[in-house]
Amino acid sequence: MSNLFPNQVIFSGHMTEKASLAGQFANAYVFKVSPKASKIEVKKAVEEEFKVTVNKVNILNVKGKIKRSMTAKGKISKKSNWKKAYVALKEGDRIEISQD
């Protein structure tokens with residue numbers, strides 16, 4: 001377990017169509033989190049920052065996409081890998097997330 005402060009664990013909310021459906025039907029929210037963060041650290045950080053009760057946390061490692069640049073004669077670059085967390089809240093709790 002790493003020694004991250006709660007404000008170093010959560011980077012931002014992640015709003016996509018899938019994330020909005022999870023929010024509507026499962027009372028779950030999606031966050032971009034630190035690659036070093038564990039489920040326990042994400043749970044503590046969300047509870048401290050948003051003053052809600054967390055039931056469950058699922059974490060996914062997202063691989064960065066490979067991009068080709070047409071202007072640089074086929075130069076290949078790679079986006080960085082990142083981690084996202086699905087956080088399910090207790091019934092009745094809500095979080096307002098703005099897209100960054």
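Colleague: Happy to look at this with you! Leaving out residues up to four places away in sequence, which residues does Lys 83 touch?
Modeller: Glad to help, and please keep in mind that this is a predicted model. Lys 83 sits in strand β6. One group of its contacts is Ile 59, Leu 60 and Asn 61. The others that Lys 83 touches are Phe 31, Lys 32, Val 33, Ser 34, Pro 35 and Ala 37.

Colleague: Is Lys 83 buried or exposed?
Modeller: The cut-off for a buried residue is a relative accessible area under 20%. Lys 83 has a relative accessibility of 11%. Because 11% falls under that cut-off, Lys 83 counts as buried.

Colleague: How many of the eight residues of β6 are buried?
Modeller: Lys 83 belongs to β6, and this strand is mostly covered. For the protein chain of 100 residues, the buried part is 32%. In β6, the number of buried residues is six.

Colleague: In which sense do β3 and β6 pair, parallel or antiparallel?
Modeller: One place to look is Val 54, which stands opposite Leu 89 in β6. Eight bridges link β3 and β6. The sense of their pairing is antiparallel.

Colleague: And over how many bridges do β2 and β6 pair?
Modeller: Ala 28 has a bridge partner in β6, namely Ala 88. β2 and β6 also run in the antiparallel sense. The number of bridges between β2 and β6 is six.

Colleague: Let's turn to the core. Which residues have the most contacts inside the largest nonpolar core?
Modeller: As background, nonpolar side chains in soluble globular proteins tend to be buried together. Here the largest nonpolar core has 16 residues. Two or more of them come from each of β2, α3, β3 and β6. The residues with the most contacts inside the core are Phe 31, Val 42, Val 46, Val 87, Leu 89 and Ile 95.

Colleague: Phe 31 caught my eye. Not counting residues up to four places away in sequence, which residues does Phe 31 touch?
Modeller: Its contacts include Ile 10, Ser 12, Gly 13 and His 14. Phe 31 also touches Val 46 and Phe 50. The rest of the list is Lys 83, Lys 84, Ala 85, Val 87, Ile 95 and Ile 97.

Colleague: What is the pattern of helices and strands along the sequence?
Modeller: The protein chain holds three helices and six strands. Among contacts between residues at least 6 apart in sequence, 62% join residues at least 24 apart. Read along the sequence, the pattern is α-β-α-β-α-β-β-β-β.

Colleague: How far apart in space are the C-alpha atoms of Pro 6 and Glu 49?
Modeller: Pro 6 is in helix α1, and its contacts are Ala 45, Glu 48 and Glu 49, leaving out residues up to four places away in sequence. Along the sequence, Pro 6 and Glu 49 are 43 residues apart. In space, C-alpha to C-alpha, they are separated by 7.6 Å.

Colleague: What about Lys 39 and Ala 85, C-alpha to C-alpha in space?
Modeller: Lys 39 lies in helix α3 and is partly exposed, with a relative accessible area of 46%. Its contacts are Val 57, Asn 58 and Ile 59, not counting residues up to four places away in sequence. Lys 39 and Ala 85 are 46 residues apart in sequence. The C-alpha separation in space is 8.2 Å.

Colleague: Is Lys 51 buried or exposed?
Modeller: Lys 51 is in the loop between α3 and β3. Its phi is positive, about 55°, although Lys 51 is not a glycine. An exposed residue has over 50% relative accessible area. Because Lys 51 is at 69%, it counts as exposed.

Colleague: And Asn 27, buried or exposed?
Modeller: Asn 27 lies in the loop between α2 and β2. Phi of Asn 27 is also positive, near 50°, in a residue other than glycine. Because its relative accessibility is 15%, Asn 27 counts as buried.

Colleague: Last one: how far apart are the centres of the positive and negative side chains?
Modeller: The protein chain has 20 positive side chains. Its negative side chains number 9. The centres of the two sets lie apart by 15 Å.

Conventions. Residues are numbered from 1 along each chain as its sequence is written. This is a predicted model: local features need pLDDT of at least 70, side-chain atom pairs count only at pLDDT 80 or more; totals for chains, interfaces and linings use all residues. Side-chain values use heavy atoms; hydrogens and water are left out. Helices (H or I, at least four residues) and strands (E, at least two) are DSSP runs, numbered from the N terminus. Buried means under 20% relative accessible area, exposed over 50%, partly exposed in between (1.4 Å probe, protein chains only). Contact means heavy atoms within 4.5 Å. Lys and Arg count as positive and Asp and Glu as negative; His and the chain ends are not counted. The place of a charge is taken as NZ of Lys, CZ of Arg, CG of Asp or CD of Glu. A nonpolar core is a set of buried Ala, Val, Leu, Ile, Met, Phe, Trp, Tyr and Cys residues joined through side-chain atoms within 4.5 Å. Two strands pair if DSSP finds at least two bridges between them.
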